[in-house]
Every structure is written in C-alpha cells, then in structure tokens.
Amino acid sequence: MDVQFVAGFGPIVRDDESRRFYQDALGIELSEPTPGYLDTHSLTGVKVFALWRLSDAAQSTFATAEWPSNRTIPQAWLEFELASAHAVADGEEELIAAGYDILASTHVEPWGQTISRLLSPEGMLVGLSYFAELHDDQ
C-alpha cells in the first residue's frame, strides 16, 4: 500500500461543546459546508480537519444514524489518501488478507470520494481514501 498523505483528521463529536473548544477556545476557523459538519482546509499539515458527528460517521459507515452497540465507539477519524480509487480497493484487500475487519467496503460517497473504513487497534475510525480534488495534479 502506498499512502500519499493524510487526507483528514479530527474528533468524532456528540455535541456542540466540541465546536466551542476547537473554534472558540483554540481559534480554528471552521466552516459548515453541510449541516452539522464543521471543517477547515486551512491548517498546514493536513488537507482537512473536521468535527464529524458520531451519527454521520455511523451513517457513512453502516448506513444508519446509530453506531452499532457491539462496536467500539471511535473518538477520532483519520483518512489516508491513496493514489487512485483502484488503490483503495487494493488496500482494502491487503488489510483483509492481514486479518483486519473492514467496516465499510470500498464505495463512492455522494461527494465523489472513494473510501473504505475500519477501526484501528486503538479504536480510531480509519479510512483508505481517494478524493481527486485533494490531489494537486488534478
């Protein structure tokens, strides 16, 4: 697997206290491109920093607003950007072969991102991703 860069990182949140902490206390200017999803593309070192609601993470991963009770509830998300959509599927196969449990098989999100998700050993929601608009050569 050839990870190109960290596409995004952030906490998985449950209420507005996180917004107050990151935006008001730390001074990170966050926009709200869709209701409840707060992000910024202006922090050096990461393409996207975003506060992702647990219900939205569950919807994107399991197609339901409730996180399954038999799964560790993640505290954060991290996406590793790969070179192509095909590389995401290949990366998923590598992880399966290594014994990892994939939560969401490779699929294309409504905004065009190809993604596969699993929980890391620490319980972080990790994605293998390809999103053309994050690549400088696109």
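These are my notebook entries on the fold, the strands and a few single residues of this protein chain.

**Entry 1: the whole chain**

I started by reminding myself that this is a predicted model. Then I went through the secondary structure and got 3 helices and 8 strands for the protein chain. Reading from the N terminus, I wrote the order down as β-α-β-β-β-α-β-α-β-β-β. The radius of gyration came out at 15 Å, close to the 14 Å that the globule rule gives for 138 residues, so the chain is as compact as a globular protein of that length. Along the principal axes, the C-alpha trace spans about 45 × 40 × 25 Å.

Next I looked up how much is hidden. Of the 138 residues, 43% are buried. The exposed area is about 7600 Å², and carbon and sulfur atoms supply 52% of that. I also checked contacts between residues at least 6 apart in sequence: 56% of them join residues at least 24 apart.

Last for this entry, charges. I noted 7 positive and 22 negative ones, and their mean positions are 8 Å apart.

**Entry 2: strand β7**

Which strand neighbours does β7 have, and how do they run? On one side of my list is β6 (residues 102-108), joined to β7 by 4 bridges and antiparallel to it. The other entry is β8 (residues 125-130), antiparallel to β7 as well, with 6 bridges. I picked out one pair from each: Ile 102 has Leu 118 in β7 as its bridge partner, and Ile 115 is partnered by Ser 129 in β8.

Is β7 buried or exposed? It covers residues 114-119, and 6 of its 6 residues are buried. I split the strand by face to see it better. Thr 114, Ser 116 and Leu 118 sit on one side, Ile 115, Arg 117 and Leu 119 on the other, and all of them are buried. I put a mark next to Arg 117, since I wanted to find that buried residue again in the viewer.

The turns came next. β6 and β7 make a hairpin with 5 residues between them, and Gly 112 in that turn has a positive phi of about 100 degrees. The hairpin of β7 and β8 also has 5 residues between its strands, and there Gly 123 takes a positive phi near 90 degrees.

**Entry 3: strand β5**

I moved on to β5, which runs over residues 76-81. Here 5 of the 6 residues are buried, so the strand is largely enclosed by the rest of the structure. What does β5 pair with? With β1 there are 6 bridges, and the two strands run antiparallel. With β8 there are 5 bridges, and this time the direction is parallel. For examples I wrote down Gly 10, whose partner in β5 is Trp 77, and Leu 78, which stands opposite Val 126 in β8.

**Entry 4: β2, β3 and β4**

β2 (residues 31-34) and β3 (residues 37-40) are antiparallel, joined by 2 bridges. Thr 34 pairs with Tyr 37 in β3. Their hairpin has 2 residues between the strands, and Gly 36 there takes a positive phi near 85 degrees. β3 goes on to pair with β4, again in the antiparallel sense, over 3 bridges. In that pairing, Thr 40 has Phe 49 of β4 as its partner.

**Entry 5: helix α2 and what follows**

Which residues of α2 (residues 54-62) are buried? I listed Leu 54, Ala 57, Ala 58, Ser 60 and Thr 61. Several of these are three or four places apart, such as Leu 54 and Ala 57 or Ala 57 and Thr 61. An α-helix has 3.6 residues a turn, so residues spaced like that point the same way. The buried residues of α2 pack against β1 (5-13), β4 (48-53), β6, β7 and β8.

Just after α2 comes Ala 63, in the loop between α2 and β5. Its phi is near 60 degrees, which is positive although the residue is not glycine. Most residues other than glycine have a negative phi, which is what made me stop there. Ala 63 counts as exposed because its relative accessible area is 62%, and the cut-off for exposed is over 50%.

**Entry 6: near the end of the chain**

I finished with Glu 133, in the segment after β8. This residue is exposed, at 59% relative accessibility. Its C-alpha atom is 9.0 Å from that of Gln 113, although the two are 20 residues apart along the chain.

How values were computed. Residues numbered from 1 in each chain as written. Predicted model: local features only at pLDDT ≥ 70, side-chain atom pairs only at ≥ 80, totals over all residues. Heavy atoms only, no water. Rg over C-alpha atoms; globule rule 2.2 N^0.38 Å. Buried < 20%, exposed > 50% of the residue type's maximum accessible area, 1.4 Å probe, protein only. Contact = heavy atoms within 4.5 Å. Areas by Shrake-Rupley, 256 points an atom, 1.4 Å probe, with all protein chains shown as cover. Lys, Arg positive; Asp, Glu negative; His and termini not counted. Charge placed at Lys NZ, Arg CZ, Asp CG, Glu CD. Pairing = 2+ DSSP bridges.
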